[in-house]
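Please walk me through this model, beginning with its sheet and ending with the residues that fill its core.

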Amino acid sequence: MSNTKNTPQSQSSRESHDSHDSHSNTEHTADDQRPTPMEVLRQARAQLAELTGLSPESVSSFEQTEDGWSLEVEVLELARVPDTMSLMASYQVDLDQDGQLAGYRRVRRYERGRADPRGR
């Protein structure tokens, strides 16, 4: 049970508040609708996982490009025992300005316990 009264004054106050909220939401520019870098990272990981069925473990590279965003995501492709022998892969993931996946490709496969060759 509520103790608030539904008087004409309270209704007009509520309508004024609602109208202010909807007006302030329409003042956003197109740039305000762009995802933040953290949102882009989350979207990229989620979209890659959905498409490949693999769980991203980390993002080793992340940069904004002219066309959107480019990331390199490390995933576990094949679990082995011991874990240092598990097969990992790096995926190049490209997203548009809105954070939607534009394409991906596997660029490298390696055992978890192996370091990159010198000079790489």
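The paragraphs below take up the sheet, then the helix that lies across it, and then the nonpolar core.

The model is predicted, and its sheet is an open one in which 4 strands follow the order β1-β2-β3-β4 with antiparallel pairing. The edge strands, each of which pairs on one side only, are β1 (56-64) and β4 (101-111), and neighbouring strands are turned by 20 degrees against each other on average when direction is ignored. Between β1 and β2 the antiparallel pairing extends over 7 bridges, and Pro56 stands opposite Val75 in β2.

Helix α2 lies across β1, β2, β3 and β4, and runs at about 130 degrees to β1. Ala49 is found in this helix, α2, and touches Leu54 and Pro56 once residues up to four places away in sequence are set aside. Although Ala49 and Val75 are 26 residues apart in sequence, their C-alpha atoms are 9.1 Å apart in space. Ala49 has a relative accessible area of 26%, and because buried residues must fall under 20%, Ala49 counts as partly exposed.

The largest nonpolar core has 13 residues, and those that touch the most other members are Leu48, Leu71, Val73, Val75, Tyr91, Val93 and Leu95. Two or more residues of this core come from each of α2 (37-52), β2 (68-78) and β3 (87-96). Leaving aside neighbours within four places in sequence, Leu95 is in contact with residues that include Val40, Ala44 and Gln47, as well as Trp69, Leu71, Leu101 and Ala102.

Technical notes: Residues are numbered from 1 along each chain as its sequence is written. This is a predicted model: local features need pLDDT of at least 70, side-chain atom pairs count only at pLDDT 80 or more; totals for chains, interfaces and linings use all residues. Side-chain values use heavy atoms; hydrogens and water are left out. A nonpolar core is a set of buried Ala, Val, Leu, Ile, Met, Phe, Trp, Tyr and Cys residues joined through side-chain atoms within 4.5 Å. Buried means under 20% relative accessible area, exposed over 50%, partly exposed in between (1.4 Å probe, protein chains only). Contact means heavy atoms within 4.5 Å. Two strands pair if DSSP finds at least two bridges between them. Axes are lines fitted to C-alpha atoms, for helices over the stretch in contact, and angles run from 0 to 180 degrees between N-to-C directions.
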